[in-house]
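Here is a short briefing to read with the model open beside you. Take it topic by topic, and turn the view as you go.

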Amino acid sequence: MRRIKVYIHEKENWTNFTWDNKQVVLKLGEARNLQGKLLGKMESLGFDLQDEAVLNTLTLDVLKSSEIEGEFLERDQVRSSIARRLGIDIAGAVETERHVEGIVEMMLDATQRYEMPLTKERLFGWHAALFPTGWSSLYKITVADWRKDTTGPMQVISGPMGKEKVHYEAPSSDRIETEMEKFLHWFQEENETDPVLKAAIAHLWFITIHPFDDGNGRITRAITDMILARSDKSVRRFYSMSAQIRVERKEYYLELEKAQKGTSDITQWVLWFLQCLINAIESTQGTLAKILYKAAFWKLHADTIFNARQQKIINRLLDGIDGKLTTSKWAKMNKCSQDTALRDIQDLIKKEILQKEASGGRSTNYELKEIPTNTAT
C-alpha cells in the first residue's frame, strides 16, 4: 500500500510557488511603506544614536534567534561581540565564548555582506561557525556539510518520549544536493520578485529542505535577514524579524506546518510572514523611544560625576535589566562587595538618579528616577 504524500516537497514541481497577487500586493505595500518610514526616521538621527539602535537590534536578533531554538545566550557577551566587530565603543565590554562568537559571526556576515552571493561554501562556513566543536548538545553531528540521515529520516518532533508527534519530515538526504542547487540558483538569479516577498519564499523553501543536521532554523533566519538587508539596501539593521518570530513562535510553527503540509499555493504563509514583518517594524518604535530616552538621560547628566560601576549599571537599567536591581545584584554584576554596592547606590540616590521602589518586599529594590518629559523628547 502506497503512503499518502503528506508534505509539500513530495509533490511534483513543489517549488513552483504561487500566491494570490491581489492580497499579497496590498500587504506587501503596507510593509514596504513602514520600512521606508522607519529608515527615514532612523537616518534623521545622529550617527551615535544610529549605532546604538543598530547594536540593540543586532543583539536582539542574535538572542531571540537562539531563544527560538531553546538556547539562551548571555546578553552582554552578544552585545560585546557585535560592538567589537562593528567598531562601536561600549562601556563594560566582556569576553565572549567561542560559540557566541560563531553565532554573531554568521549573523553579521549575512547582514553586513548582504550583496555577496549565497553559495554552498558560504552556508557551510555559517554552519561551522554555529557548531565549532562538531557537537550539538550531547550529539556529534555532521558539520559544514549536508546531513547524511545515518540514523533515519530528519523529523521535527514534539511531545514526551513514547508519545512523540511528528510535525514534519524533511526530504531524504540523497535529494539535498539537487534541491539546494535549485534553491541557490533561484536565490542568486531571480530578481523580478520584490526582495521582501523573496524573503518570505526563501524562508519557507530553505526550512523545508532542512539541509543540515542542526542549526536549520538559525540559518533560515540569517538568510531572511540577508534578503531584508537587500530590500533596505543597508547594512544598518533597525528591526528584528527573529525577535518578532520569538514573540509569535506558536503561530510561526503552526503556519510553517500548514505550509509544509499544503500545496505550492503559499498565499497564507506569505501573508503571515508579511504581517510578522509589519509587527517587527512597528515594535521598533519602543526600541527607538528607549534609545532617545537614554540619549536624553546622558545629556541631562553630562556634568554629573559617576564611577565606572555606576555608569555600567545605569546603562543596563536604561537598556532594560532582567529582574529587580538590589545591592546583591549590583555587587554581582560589578564583582564588588555589597558594602561598595550600597555606597554606589546611596550616592546615586543623593544625586537623584536612583530611588527605592515603592513595592517594598523582603529586600530593597531600586529603579531609575524618571527624567522630565520635555528632556526625553
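In this predicted model, helix 1 (residues 21-43) and helix 11 (residues 267-300) bring their axes within 10 Å of each other and cross at roughly 20 degrees. An angle under 35 degrees counts as roughly parallel, so helix 1 and helix 11 are roughly parallel to each other. Their crossing is left-handed.

**Helix 1 against helix 11**

- From helix 1, the contact draws on Gln-23, Val-24, Lys-27, Leu-28, Glu-30, Ala-31, Leu-34, Gln-35, Leu-38, Lys-41 and Met-42.
- From helix 11, the contributors are Thr-267, Val-270, Leu-271, Leu-274, Gln-275, Leu-277, Ile-278, Ile-281, Glu-282, Thr-284, Gln-285 and Leu-288.
- Sorted by class, this contact of helix 1 with helix 11 comprises 13 nonpolar, 6 polar and 4 charged residues.
- Glu-282, one of the helix 11 residues in the contact, has a relative accessibility of 42% and therefore counts as partly exposed.
- If you would like a long-range reference, Glu-282 and Leu-130 lie 152 residues apart in sequence, and their C-alpha atoms are 30 Å apart in space.

**Helix 1 against helix 8**

- Helix 1 also packs with helix 8 (residues 216-232), at an angle of about 70 degrees and with the axes 11 Å apart.
- Angles of 65 to 115 degrees count as roughly perpendicular, so this label fits helix 1 and helix 8.
- On the helix 1 side you will find Arg-32, Gln-35 and Leu-39, which meet Leu-228, Ser-231 and Asp-232 in helix 8.
- The class count for this contact of helix 1 with helix 8 is 2 nonpolar, 2 polar and 2 charged residues.
- Gln-35 is worth a look, since Gln-35 is listed in the contact with helix 11 and also in the one with helix 8.

**Helix 12 against helix 13**

- Helix 12 (residues 308-319) and helix 13 (residues 327-334) pack at about 110 degrees, and their axes are 10 Å apart.
- That angle makes helix 12 roughly perpendicular to helix 13.
- The crossing of helix 12 and helix 13 is right-handed.
- Helix 12 supplies Arg-309, Gln-310, Lys-312, Ile-313 and Arg-316 to the contact, while helix 13 supplies Trp-330, Met-333 and Asn-334.
- By class, the residues where helix 12 meets helix 13 split into 3 nonpolar, 2 polar and 3 charged.
- Ser-328 also sits in helix 13, and its relative accessibility of 39% means that Ser-328 counts as partly exposed.
- Measuring C-alpha to C-alpha, you can place Ser-328 38 Å from Arg-221, with 107 residues separating the two in sequence.

**The hairpin of strands 3 and 4**

- Strand 3 (residues 155-158) and strand 4 (residues 165-169) run antiparallel and are joined by 4 bridges.
- To follow the pairing, start with Ser-158, which stands opposite Lys-165 in strand 4.
- Another pair to find is Val-156 with its bridge partner in strand 4, Tyr-168.
- The two strands form a hairpin with 6 residues between them, and Gly-159 in the turn has a positive phi of about 100 degrees.

**Loop residues to visit**

- Asp-149 is in the loop between strand 2 (139-140) and strand 3.
- Although Asp-149 is not a glycine, its phi is positive, at about 55 degrees.
- Glu-352 is in the loop between helix 14 (338-350) and strand 5 (354-356).
- Glu-352 also has a positive phi, near 60 degrees, in a residue other than glycine.
- With a relative accessible area of 54%, Glu-352 counts as exposed.
- Ser-264 belongs to the loop between helix 10 (249-260) and helix 11.
- Is Ser-264 buried or exposed? Its relative accessible area is 19%, and buried means under 20%, so Ser-264 is buried.
- Leaving aside residues up to four places away in sequence, Ser-264 touches Ile-8, Asn-13, Trp-14, Asn-16, Phe-17 and Thr-18.

Key: Residues numbered from 1 in each chain as written. Predicted model: local features only at pLDDT ≥ 70, side-chain atom pairs only at ≥ 80, totals over all residues. Heavy atoms only, no water. Axes fitted to C-alpha atoms, helices over the stretch in contact; angles between N-to-C directions. Parallel < 35°, antiparallel > 145°, perpendicular 65-115°, else oblique. Left-handed = near helix turned anticlockwise from the far one by under 90°. Contact = heavy atoms within 4.5 Å. Nonpolar A, V, L, I, M, F, W, Y, C, P; charged D, E, K, R; others polar. Pairing = 2+ DSSP bridges. Buried < 20%, exposed > 50% of the residue type's maximum accessible area, 1.4 Å probe, protein only.
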